[in-house]
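Here is a friendly walk through one protein chain, from a pair of backbone oddities to the way its helices pack. Have the viewer open and follow along.

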Amino acid sequence: IWCLESRAGRHRLIDIDGWQDRVRISLEMASALVMILWRFLSVVLGVVDQVVGVLLPRAAGKFWADGFGDVERMYRVAAMERKVGLEGAQDIAQVRFGGTTRTKEGHSVRMMSFTSPIAKELPKETREVHVQVVEPKEPRTRPVVVIHLQATGDEGFSQRRTRVALPLADSGVTSMLLQIPFYGARRAKNQRKYFMRTVEDFMMCAHGSYTEAAKLAQWVKAEYQPKASIVFTGFSFGGSMATYAASMLVNEPCAVVSCCGPGSPHALLNGVLSVGNDWRKLTEESGGDQEKAELRVSRIFDEIADMAAQIEDAKKREQSKNGTPAYEHHVCVSIAARDDSFVSMSSLKRMHQVQRAMDPSAELLVVAGGHGSTFLRSKSVYVPRILNAIEELHRRMESCAPPAMNA
């Protein structure tokens, strides 16, 4: 295609097609350059993960300084849980609320507490559960409660509140930020920071985390907001515990969004966090052989923390008890960071496979960046996926609801 260009009384023909091709090629080259730079930045952020992962344990402490703990008790608790599910834990009987503060946006923030549903299985210092509740100034007409679980090392509430809960409140969503066993005010005696003294403590922390979250969801439906839709979410370790919690609600519709959550505890053995393990006592209890100690911990993780097996057990219980399929209305989403040095891509994909056992259409979203940088971008990466999961949960529930009766 040719056209006539007139400039200062002089005329010439220009090739429009050629000009368009040059613009297109320039845009493609610019796009490719941006992709290369973003990929390079993603790798760099993964390296930053490695540096942080190495420095943190040296500055703060290490896991499992007192060895394995009571291994037999771990197996007994796990066996009972796989047999009866949530029925083995107490319901939340009494909730105590603290005073309310207001954010500059007008959202309310208050504390609540209750006795852990598995208090008898926990050290006395860890039995009181603390929850920070963030309630929106203008709640949705169709209420939603998101239960947030903690990442490894995040002992407080501020990071989850500012990066996730308050942006959700801007969209009318209530958040409940759970403080899990052995963290913050719930540390066990002689525990330094979040570094649990034994493998037993670590496994009981996990058991308590998802059991308390699931029981909290049931309390929300029974006492706090009966019409609320439930969403579980968490970053890293919290993402795994959120998925576990969702699996405990076998026939209750809910959504779960796991951000950088590993599919098993092996991230503590294989990722950069492995430098935070104190193998001296574990090795001593394994006949002086560290390799044997590592294999023993790995076997405990495989046999006790097998989420896929737990889900299959739950399906069988539901089928034999009520004759109905389990997880009919679960919505599952997993976010993975491409250059995550804390959690390997294989473990992130394993989490996706676990979620697919509950939701065959479970979504896996892979984003550029590392572990830490993904959380720092929560408002643009993490929060939108939670909001999308809420909408998908409502859509599925409506599609299965019985038709309204005509007056």
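Is Asn190 buried or exposed? Keep in mind while looking that this is a predicted model.

## Two positive phi angles in one loop

At 63% relative accessibility, Asn190 counts as exposed. The residue sits in the loop between strand 7 and helix 4. Its backbone deserves a glance too: Asn190 is not a glycine, yet its phi is positive, at about 65 degrees.

Phe182 is also found in the loop between strand 7 and helix 4. Here phi is near 75 degrees, again a positive value in a residue other than glycine. As for its surroundings, Phe182 has a relative accessible area of 0% and is buried. So this loop offers a buried residue, Phe182, and an exposed one, Asn190, because the cut-offs are under 20% for buried and over 50% for exposed.

## The chain as a whole

Stepping back, the chain has 407 residues, and 52% of them are buried. Its secondary structure comes to 13 helices and 11 strands.

Contacts with a separation of 6 or more can be sorted by distance along the sequence: 74% of them join residues 24 or more positions apart. On the outside, the chain exposes about 19600 Å², with carbon and sulfur atoms supplying 54% of that area.

## Helix 5 and its two partners

Now to the helices. Two packed helices are described by the angle between their axes and the distance between the axes. Helix 4 (residues 199-224) and helix 5 (residues 237-248) have axes that come within 8 Å and cross at roughly 55 degrees. The two are therefore oblique to each other, and their crossing is right-handed. On the helix 4 side, the contact is made by Phe202, Cys205, Ala206, Ser209, Tyr210, Thr211, Ala213 and Ala214, while helix 5 brings Phe237, Met241, Tyr244, Ala245 and Met248. These residues divide into 11 nonpolar and two polar, with no charged ones.

Helix 5 also packs with helix 9 (residues 307-322), at an angle of about 10 degrees and with the axes 10 Å apart. Helix 5 and helix 9 are therefore roughly parallel to each other, and helix 5 passes helix 9 in a left-handed crossing. The contact is made by Ser240, Thr243, Tyr244, Ser247 and Met248 of helix 5, with Met307, Gln310, Ile311 and Ala314 of helix 9. In this contact there are five nonpolar residues, four polar and no charged. Tyr244 and Met248 of helix 5 are listed in the contact with helix 4 and in the contact with helix 9.

## Helix 2 against helix 8

What is the make-up of the contact of helix 2 with helix 8 in nonpolar, polar and charged residues? Begin with the geometry: the axes of helix 2 (residues 71-84) and helix 8 (residues 290-304) come within 10 Å and cross at roughly 20 degrees. The pair is therefore roughly parallel, since angles under 35 degrees count that way. Helix 2 passes helix 8 in a left-handed crossing.

Helix 2 contributes Val71, Met74, Tyr75, Ala78 and Arg82 to the contact, and helix 8 contributes Arg296, Arg299, Ile300, Glu303 and Ile304. That gives six nonpolar residues, no polar and four charged.

## Two buried residues to visit

Thr174 lies in strand 7 (residues 174-179). At 9% relative accessibility, Thr174 counts as buried. Leaving aside neighbours within four places in sequence, Thr174 is in contact with Val133, Val134, Glu135, Pro136, Val144, Val145, Val146 and Tyr224. One of these partners, Val145, is 29 residues away from Thr174 in sequence, with the two C-alpha atoms 4.8 Å apart.

The other stop is His394, which lies in helix 13 (residues 383-400). With a relative accessible area of 6%, His394 is buried. Not counting residues up to four places away in sequence, His394 touches Arg142, Val144 and Ser229. Val144 thus links the two stops, because contact means heavy atoms within 4.5 Å and Val144 is listed as a partner of Thr174 and of His394.

How values were computed: Residues numbered from 1 in each chain as written. Predicted model: local features only at pLDDT ≥ 70, side-chain atom pairs only at ≥ 80, totals over all residues. Heavy atoms only, no water. Axes fitted to C-alpha atoms, helices over the stretch in contact; angles between N-to-C directions. Helix = DSSP H or I, 4+ residues; strand = E, 2+ residues; numbered from the N terminus. Parallel < 35°, antiparallel > 145°, perpendicular 65-115°, else oblique. Left-handed = near helix turned anticlockwise from the far one by under 90°. Nonpolar A, V, L, I, M, F, W, Y, C, P; charged D, E, K, R; others polar. Buried < 20%, exposed > 50% of the residue type's maximum accessible area, 1.4 Å probe, protein only. Areas by Shrake-Rupley, 256 points an atom, 1.4 Å probe, with all protein chains shown as cover.
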